[in-house]
Amino acid sequence: MARITFITADKQRITLEEQAGSVMELAVDHDIPGIEARCSGVCSCGTCHVQVSEEWIHQLPEREADEEGVLEMFEDSAPRSRLSCQIQISEELDGLVVEVCPLDE
Ligand code: FES
């Protein structure tokens, strides 16, 4: 089981527990605001963009080329940017903190 904390655009901290699936799926299942996941996790929309907290960014696997390509489309993309659909939950991620980056529309 892993505890994942989401920090929303209005600075709410929401901590959820899960043992499998992606961080995006966890967010969508619990209606975390700002995670739309329009492509349902096939790494093409970028509406699951998060910024991983500083202490966790180097503990995640490197971005794959697909993820890199999607993130390049966003002006607010940063070194800590990840697509939450590409982060698989495991016990090793217990305590992960991510900031939600909603689209400006
Ligand atoms: S849900 Fe579309 S890129 Fe993650």
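A residue counts as buried if 20 or more other C-beta atoms lie within 10 Å of its own, as exposed if 12 or fewer do, and as partly exposed in between. Keep that cut-off at hand for the exercises below, and remember that the model is a predicted one.

**Exercise 1. Decide whether Gly 46 is buried or exposed, and find what it touches.**

Step 1: Start with the location. Gly 46 sits in the loop that runs between α1 (23-29) and β3 (49-52).

Step 2: Count the neighbours. Gly 46 has 23 other C-beta atoms within 10 Å, so it is buried.

Step 3: List the contacts. Leaving out residues up to four places away in sequence, Gly 46 touches Val 70, Leu 71, Met 73, Phe 74 and Leu 83.

Step 4: Compare with a residue from earlier in the chain. Ile 32 is 14 residues from Gly 46 in sequence, and their C-alpha atoms are 16 Å apart in space.

**Exercise 2. Work out how Ala 37 and Cys 43 stand with respect to phi and exposure.**

Step 1: Recall the background. Most residues other than glycine have a negative phi.

Step 2: Check the angles. Ala 37 has a positive phi, near 55 degrees, and Cys 43 has a positive phi of about 65 degrees.

Step 3: Place the residues. Ala 37 belongs to the loop between α1 and β3, and Cys 43 lies in the loop between α1 and β3 as well.

Step 4: Apply the cut-off. Ala 37 has 19 other C-beta atoms within 10 Å and is therefore partly exposed. For Cys 43 the count is 16, so this residue is partly exposed too.

**Exercise 3. Trace the sheet and say which strands form its edges.**

Step 1: Read off the order. The open sheet has 5 strands, arranged β2-β1-β5-β3-β4 with mixed pairing.

Step 2: Find the edges. β2 (13-18) and β4 (81-83) each pair on one side only, which makes them the edge strands.

Step 3: Add the twist. From one strand to the next it averages 35 degrees.

Step 4: Look at one pairing. β3 and β4 run antiparallel over 3 bridges, and Val 50 has Arg 82 in β4 as its bridge partner.

**Exercise 4. Judge how compact the protein chain is.**

Step 1: Lay out the elements. From the N terminus they run β-β-α-β-α-β-β.

Step 2: Compare the radii. The radius of gyration is 12 Å, close to the 13 Å that the globule rule gives for 105 residues, so the chain is as compact as a globular protein of that length.

Step 3: Check the extent. The C-alpha trace spans about 35 × 25 × 25 Å along its principal axes.

Step 4: Turn to the interior. Buried residues account for 26% of the 105 residues.

Definitions and conventions:
Residues numbered from 1 in each chain as written. Predicted model: local features only at pLDDT ≥ 70, side-chain atom pairs only at ≥ 80, totals over all residues. Helix = DSSP H or I, 4+ residues; strand = E, 2+ residues; numbered from the N terminus. Contact = placed C-beta atoms within 7 Å. Pairing = 2+ DSSP bridges. Axes fitted to C-alpha atoms, helices over the stretch in contact; angles between N-to-C directions. Rg over C-alpha atoms; globule rule 2.2 N^0.38 Å.
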